[in-house]
Amino acid sequence: MLELLTAGGWLMVLIVLCSIVVLAICIERLYTLNPKKIAPPHLLATVWKQLKGGEMDAARLKTLKQSSPLGRILAAGLSNAYHGREVMKESIQEAAQHVVHDLERYLNTLGTIAAISPLLGLLGTVVGMIKVFDVMTFFGTGNARLMASGVSQATIPTMAGLVAAISGLYIANLLKRKADDEVSRV
């Protein structure tokens, strides 16, 4: 593996960093997009019970807001319940927009990495081909071993960039779908 990284040249470092960022975002998003964290199973029943019992005060409203994304939406509506239907509706919509934004966090970053990675690989190809042409300039076309080294350096970053891009794009689409599913569920 280390041989592959060194053979690919200095651009491999950037491609590997892109892959690490994709992996980190994937882990963070899978943790954040846990359905039980977004909409705890008994949250609505608990809130309804507190409302019916007249137990919903400012402290419980604050706790509700901090408990989960669904709690934020419910707290926005409940805190504006006495200001009229339109104000309550607007506050719920605004809170829901913030929740959706939070659930989709870093997905654009994944898309950007998926777009940049093959370009980094292509740049590695160009750098490797320049080395091949340099070898041809100094030694001619008779030394196949030296030329093969440059061609190898040219193809490795391309392959790595494509792998990073394909996995990044797949993960971005998978997480976007998961976020959309959670938003529609809430």
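A crossing of two helices is called left-handed if the near helix is turned anticlockwise from the far one by less than a right angle, and right-handed if it is turned clockwise. With that in hand, a good place to start is helix α5, which passes α6 in a left-handed crossing. Helices here are DSSP runs of H or I with at least four residues, numbered from the N terminus.

Before going further, a word on the model. This is a predicted model, in which local features need pLDDT of at least 70 and side-chain atom pairs count only at pLDDT 80 or more, while totals for chains, interfaces and linings use all residues. Residues are numbered from 1 along each chain as its sequence is written, and side-chain values use heavy atoms, with hydrogens and water left out. The pLDDT is the predictor's confidence in each residue, on a scale from 0 to 100. The protein chain averages 86, and 99% of the residues score at least 70. Among the elements of the chain, helix α1 (residues 2–8) has the lowest mean pLDDT, at 73, and α2 the highest, at 92.

Back to our pair of helices. The axes of α5 and α6 are 6 Å apart, and the two helices pack at an angle of about 145 degrees. Axes are lines fitted to C-alpha atoms, for helices over the stretch in contact, and angles run from 0 to 180 degrees between N-to-C directions. On the α5 side, Leu61, Leu64, Lys65 and Ser67 make the contact, meeting Gly71, Arg72, Leu74, Ala75, Leu78 and Ser79 of α6; contact means heavy atoms within 4.5 Å.

Leu61 is worth a closer look. This residue sits in helix α5 (residues 58–67) and is buried, with a relative accessible area of 18%. Buried means under 20% relative accessible area, exposed means over 50%, and partly exposed lies in between, using a 1.4 Å probe and protein chains only. Setting aside residues up to four places away in sequence, Leu61 touches Met56, Ala75, Leu78 and Ser79. The C-alpha atoms of Leu61 and Gln93, by comparison, are separated by 18 Å, with their positions 32 residues apart along the chain.

Helix α6 has another partner in α4 (residues 43–52), and the axes of these two come within 11 Å and cross at roughly 25 degrees. Angles under 35 degrees count as roughly parallel, over 145 as roughly antiparallel, 65 to 115 as roughly perpendicular and the rest as oblique. Helices α4 and α6 are therefore roughly parallel to each other. Here the crossing is right-handed. Leu43, Leu44, Val47 and Leu51 in α4 meet Leu70, Gly71, Leu74 and Leu78 in α6.

Now for the nonpolar cores, each a set of buried Ala, Val, Leu, Ile, Met, Phe, Trp, Tyr and Cys residues joined through side-chain atoms within 4.5 Å. The largest has 25 residues, of which Ile15, Leu33, Leu103, Leu110, Ile171 and Leu175 touch the most other members. Helices α2 (11–32), α6 (69–79), α7 (85–103), α8 (107–139) and α9 (144–185) each supply at least two residues of this core. A second, separate core of nine residues includes Leu43, Val47, Leu61 and Leu64. Returning to Ile15, its contacts beyond four places in sequence are Leu120, Gly121, Pro157, Ala160, Gly161 and Ala164.

Helix α8 offers two more buried positions to visit. Ser117 lies in this helix and is buried at 0% relative accessibility. Leaving aside neighbours within four places in sequence, Ser117 is in contact with Cys18, Gly161, Ala164 and Ala165. Ala114, also in α8, counts as buried at 9% relative accessibility. Beyond four places in sequence, Ala114 touches Ala165, Gly168 and Leu169. The C-alpha atoms of Ala114 and Ile166 are separated by 6.8 Å, though the two residues are 52 residues apart along the chain.

In helix α9, compare Glu182 and Leu162. Glu182 is found in that helix and is buried, with a relative accessible area of 5%. Its contacts, leaving aside neighbours within four places in sequence, are Leu33, Pro35 and Ile38. Leu162, also in α9, is partly exposed, with a relative accessible area of 41%.

Finally, step into the loop between α7 and α8, where Tyr106 is placed. Tyr106 has a positive phi of about 75 degrees although it is not a glycine, and at 40% relative accessibility this residue counts as partly exposed.
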